[in-house]
Amino acid sequence: MPEFLTDVHALRAKARRDITDGPVTDAYGADLPRVIEMLNTALATEVVCTLRYRQHHFMAKGMNSEPVAQEFLEHSNEEQQHADLLAARIVQLGGTPELDPNGLVGRAHSEYIPSRDLTQMIEENLVAERIAITSYTEMIGWIGSGDPTTRRVLEQILAREEEHADDMLTFLEADH
Ligand SMILES: [Fe+2]
Ligand SMILES: [Fe+2]
């Protein structure tokens, strides 16, 4: 029968080495610096999305804007939760979450587009969600089985972004 585990003595010895790496062991199968860089890109994207949704929440005006404004706030709060999940994972991996407002927009995939028009707000948010969906899907494909925990975090966020995109589309369709 093939052995699938390292023998127990080697396993114990390895675990004792480099203990300051915390959860990152020899079994880590991804390119750690690139994973941290990728997570910081996602973090910047989430912060930009948090702020855009929040601006839209406060600026949404006009007939039937109330439920839309409420949804913008809910999405803003969820984007903040995504940012927190990513920042926590970056720290677990020994990296530093980059939250310096300088350069944040440059690192993000999504755009900060304020608007005064409700339909335009919804469209911009839908575009941003579609950008997030594409980039999370690519990240998940790239990470493969090299880092299952990071992958799970990304998959969890992706599922929520798909719901967000669907919410925005539902508002657009109700508009006609
Ligand atoms: Fe998000
Ligand atoms: Fe989203």
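**Group meeting: helix α3, two irons and one cavity**

Okay, let's start just past the end of a helix: α3 is followed by G94, and the phi of G94 is positive, near 90°. Before I go on, keep in mind that this is a predicted model.

So, α3 itself. It has 28 residues, and from first C-alpha to last it reaches 41 Å, close to the 40 Å you'd expect at 1.5 Å a residue. The helix covers residues 65-92, and two of its residues, E79 and H82, sit 3 residues apart, about one turn of the helix. Buried or exposed, those two? Both E79 and H82 are buried.

Now, what do they do in the model? Let's go to the metal. The iron ion (ligand 1) has protein donors from E46, E79, H82 and E161. E46 shows up twice in that donor list, each time through OE, while E79 and E161 each give an OE and H82 gives ND1. The donors lie 1.9 to 2.5 Å from the iron ion (ligand 1). If you like to think in sequence patterns, the donor residues are spaced E-x32-E-x2-H-x78-E.

There's a second iron ion here too. How far apart are ligand 1 and ligand 2? They are 3.9 Å apart, and E79 coordinates both. So if you're clicking around in the viewer, E79 is a good place to land: a buried residue in α3 that coordinates both iron ions.

Next, helix α2, residues 32-59, where I picked two residues to compare. P33 lies in that helix, and T45 has its place there as well. P33 counts as exposed because its relative accessibility is 59%, over the 50% cut-off. T45 goes the other way: with a relative accessible area of 3%, T45 is buried, since buried means under 20%. Leaving out residues up to four places away in sequence, T45 touches A108, H109 and S110. As for P33, here's a distance for you: P33 and L11 are 22 residues apart in sequence and 24 Å apart in space, C-alpha to C-alpha.

Hold on to S110, since it comes back in the last topic, cavities. How many of 30 Å³ or more turn up in the whole structure? The search finds 1. The largest cavity holds about 40 Å³ of space. Its lining is S110, E111, I113, E124, V127, A128 and I131, which divides into 4 nonpolar, 1 polar and 2 charged residues. So S110 is a contact of T45 and part of that lining.

That's my tour, thanks!

How values were computed
Residues are numbered from 1 along each chain as its sequence is written. Chains are lettered from A and ligands numbered from 1 in the order in which they are written. This is a predicted model: local features need pLDDT of at least 70, side-chain atom pairs count only at pLDDT 80 or more; totals for chains, interfaces and linings use all residues. Side-chain values use heavy atoms; hydrogens and water are left out. On a 1 Å grid over the protein atoms alone, a cavity is a set of points where a 1.4 Å probe fits but cannot get out, and a pocket is an open set with protein on both sides within 12 Å along at least five of seven lines; lining residues have an atom within 4 Å of a point. Grid points are joined across faces, edges and corners, and a volume is the space filled by probe spheres set on the points. Ala, Val, Leu, Ile, Met, Phe, Trp, Tyr, Cys and Pro count as nonpolar, Asp, Glu, Lys and Arg as charged, and the others, Gly among them, as polar. Donors are N, O and S atoms within 2.8 Å of the metal (3.2 Å for Na, K and Ca); water is not among the atoms, so sites may look incomplete. Helices (H or I, at least four residues) and strands (E, at least two) are DSSP runs, numbered from the N terminus. Buried means under 20% relative accessible area, exposed over 50%, partly exposed in between (1.4 Å probe, protein chains only). The expected span of a helix is 1.5 Å times one less than its number of residues. Contact means heavy atoms within 4.5 Å.
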